[in-house]
Amino acid sequence: MVELDLGRKKLTTDKAEQALHELSEAERGSLKEVWLQGNQLTAVPDSLRSCTRLEKLWLSGNRLTVLPPFLGEMTSLKKLYLYSNELEEVPGCITRLTQLEELALDNNKLTMLPEGMGNLKQLHT
């Protein structure tokens with residue numbers, strides 16, 4: 001399995017967690033793209049932690065207010081879509097995503113970005 005589309009299914013965080021947990025650890029580990037946009041997530045599902053090869057993650061259009069520290073461990077991420085949430089800050093762990101090419105943060109409640117964002121040399125502006 002390379003892709004998982006759970007977008008626009010009105011999933012709560014618990015339901016998204018359940019759907020991800022139904023996959024084997026090997027299946028989660030092989031995922032390269034996960035769509036969770038347009039749901040009712042208030043937190044990033046913890047099961048994403050085991051998606052070690054993830055390159056594209058869509059979390060836009062949810063109700064996220066914070067991002068988990070484990071996001072900084074997803075070092076294969078190239079595209080991260082977080083627009084249209086309720087984020088007030090971006091954690092410093094995001095600066096460890098050195099492969100990141102696209103980061104969409106518009107339409108949130110952000111007032112500043114973490115120091116070190118300039119270290120993301122692959123990031124397109």
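**Close-ups of a predicted model**

**View 1. Pro45, a buried loop residue.** Pro45 is buried, with a relative accessible area of 0%. As in every panel here, the coordinates come from a predicted model. The residue sits in the loop between E2 and E3. Setting aside neighbours within four places in sequence, Pro45 is in contact with Ala16, Glu17, Leu20, Leu36 and Phe70. Two of these partners, Ala16 and Leu20, turn up again among the buried residues of helix H1. For a sense of scale, pick out Tyr81, which is 36 residues from Pro45 along the chain; their C-alpha atoms are separated by 15 Å.

**View 2. Helix H1 and its two faces.** Which residues of H1 are buried? In this helix, spanning residues 13-21, they are Thr13, Ala16 and Leu20. Looking down the axis of H1, you'd find the buried residues within an arc of 65°, so they line one face of the helix. That fits the usual geometry: an α-helix has 3.6 residues a turn, so residues three or four places apart point the same way. Flip to the face of H1 turned away from the buried side and you meet Asp14 and His21, both exposed. The cover over the buried residues of H1 includes strand E1 (3-5) and H2.

**View 3. Lys32 and Glu55, a salt bridge between two loops.** The structure holds 4 salt bridges, and here is one of them: the side chains of Lys32 and Glu55 pair up at 3.6 Å, N to O. This pair links distant parts of the chain, 23 residues apart. Lys32 belongs to the loop between helix H2 (25-30) and strand E2 (33-35), while Glu55 belongs to the loop between E2 and strand E3 (56-58). Both ends are partly exposed: Lys32 has a relative accessible area of 33%, and Glu55 comes in at 23%.

**View 4. Asp46 and Arg49, another salt bridge.** Asp46 follows on from the Pro45 close-up, and its side chain meets that of Arg49 in a salt bridge at 2.9 Å, N to O. Side chains of opposite charge can pair when their charged atoms come close. Buried or exposed, or something in between? Asp46 is partly exposed, with a relative accessible area of 42%, and Arg49 is also partly exposed, at 43%.

**View 5. Glu102 and Lys79, a salt bridge from strand to strand.** Glu102 forms a salt bridge with Lys79, and the closest N and O atoms are 3.1 Å apart. Glu102 lies in strand E5 (residues 102-104) and Lys79 in strand E4 (residues 79-81), so this pair ties together parts that are 23 residues apart in sequence. As for solvent, Glu102 is partly exposed, with a relative accessible area of 30%.

**View 6. Cys51 and Cys93, two cysteines without a disulfide.** Why is there no bond at Cys51? Its sulfur is 16 Å from the closest cysteine sulfur, the one in Cys93, and that is too far for a bond. Start from Cys93 instead and the story holds: the closest cysteine sulfur is in Cys51, 16 Å away, again too far for a bond. A disulfide needs the two sulfur atoms within 2.5 Å, and the count comes to 0 disulfides. Both of these cysteines are buried, with Cys51 at 1% relative accessibility and Cys93 at 10%.

Definitions and conventions: Residues are numbered from 1 along each chain as its sequence is written. This is a predicted model: local features need pLDDT of at least 70, side-chain atom pairs count only at pLDDT 80 or more; totals for chains, interfaces and linings use all residues. Side-chain values use heavy atoms; hydrogens and water are left out. Helices (H or I, at least four residues) and strands (E, at least two) are DSSP runs, numbered from the N terminus. Buried means under 20% relative accessible area, exposed over 50%, partly exposed in between (1.4 Å probe, protein chains only). Contact means heavy atoms within 4.5 Å. The arc is that of the directions from the helix axis to the C-beta atoms.
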